[in-house]
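Welcome! Have a look around, and then we will talk it through together.

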Amino acid sequence: MSQVLPAELIKTLDKNGQEIKTVGFQRFGFDSEVPIDILRSLYLRSHYVLSAPVEQVEELDAKEIVDHARFTQGLNAYQSKSIYHPDTNTISYTTLSRFPPVKLLPPSERKRILVTGGAGFVGSHLVDRLMLLGHDVTVLDNFFTGSKTTVSHWVGHPNFEMVRHDVVEPFMIECDQIYHLACPASPPHYQFNAVKTVKTSFMGTLNMLGLAKRTKARFLISSTSEVYGDPEVHPQHEDYWGHVNPIGPRACYDEGKRVAETLTYGFHRQDGVDVRVARIFNTYGPRMNPHDGRVVSNFIVQALRGEDLTVYGDGKQTRSFQYIHDLIDGLIALMNSDETRPVNIGNGDEFTIGEFAELVREIVEKVQTEDGVLPTKRVQIVYKPMPTDDPQRRRPDTTRAKESLGWQPRWTVRMGLEEMVRYYKAKMAEGGI
């Protein structure tokens, strides 16, 4: 069936009003620039692509194909042709018609890159970027919170390998760079088995640092703003030591990441391992698990379902949110720079949770209006008691990232939220949520 492109394509403007056509950069001798359209075609289009009653598979809805073209922008050849049947709630999977085009790098420039937790939210976006750039990528994941579907579009590609493995157990491979992202990162997941979370942070990091030491690979650990706990300094700079409850319900994650940083610098000083530490602040974007209790996904899913938005506390506590593409730019910049000190990667624009709920409601209404789906009633914002040890304020001081990496966020919260609303809307339409 021929692809029809509608007149109006999705355009994204950055904080300065300039259209974003690529993400990444060419810096530190490493080219990480890829067209945003190709990246979008990998995540924004719903996974099962088209929906049709079982008996009408050959007569797929032309309007739906046109709707999808807004996201894929002519890259239909690289899409899965799977079909979702809403009448029987079944899925007909198929393999990709062909893989998205990846750069052809000379052997001297092509790196062997290991990504632990590569099937998770952040890991899968990093894998997409590294694959499109032409590198050899191995994903290590035990699928506790990750999902095969986030990277399934690369399975079978000659540059890609996926291994089901728990980083608590040692792993041997030859590699040049290790992005160590493996660890449950949302409160419901890391509190589900607190001992396992601490074990993953410590043993997983110990095993991956041992691998980096043996292979002389450069090692980057994804740490977190949680190492600052409920901070008494605003915004938080990298030299602040934090204010953490070591025995609270969040301690398994907070203290796990703190000891992982300790271990990382132990290997750096004692064994000369080349290390990078990224302290990641709140990040949102497509592929976020809608059931992981995070404020962004909670609000969007509630608003799309027509449910009231739940705000914990009085809504005055603040958060700063960065879009996933900004984070991936920051991680790749840090990995390929010479900065060995910890670096905050986050967005300095601070919102109260109450303001954020109103923004999500407004954007969901905008997307529903554009798509001709008007809600029966306006969703309300309701307030509930605050959970234990929930930090009141969290905002990064990103001076070091700006000075050392030349990095700063480009995506506005509004633009990123609109992409995420469209992603969740598509997932709901295909029965994925």
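Below, a visitor asks and a guide answers.

Visitor: What kind of model is this, and how are residues numbered?
Guide: Happy to explain! This is a predicted model, where local features need pLDDT of at least 70, side-chain atom pairs count only at pLDDT 80 or more, and totals for chains, interfaces and linings use all residues. Side-chain values use heavy atoms, leaving out hydrogens and water, and residues are numbered along each chain as its sequence is written, from 1.

Visitor: What percentage of the protein's residues count as buried?
Guide: Buried means under 20% relative accessible area, with a 1.4 Å probe and protein chains only; over 50% is exposed and in between is partly exposed. Of the 433 residues, the share that counts as buried is 55%.

Visitor: Which class of aromatic pair do Tyr-284 and Phe-321 form?
Guide: Rings of Phe, Tyr and Trp (its six-membered ring) pair if their centres lie within 6.5 Å; planes under 30 degrees apart are stacked, over 60 edge-to-face, and the rest tilted. Here the centres are 6.4 Å apart and the planes meet at 85°, so the pair of Tyr-284 and Phe-321 is edge-to-face.

Visitor: How many residues apart are Tyr-284 and Phe-321?
Guide: Tyr-284 is in strand β14 (residues 283-284), a strand being a DSSP run of E of at least two residues, numbered from the N terminus. Phe-321 sits in the loop between β16 (318-320) and β17 (322-323), and the separation is 37 residues.

Visitor: Is Phe-356 buried or exposed?
Guide: Phe-356 forms an edge-to-face pair with Phe-351, at 5.9 Å centre to centre and 80° between the planes. Because its relative accessibility is 0%, Phe-356 counts as buried.

Methods. Helix = DSSP H or I, 4+ residues; strand = E, 2+ residues; numbered from the N terminus.
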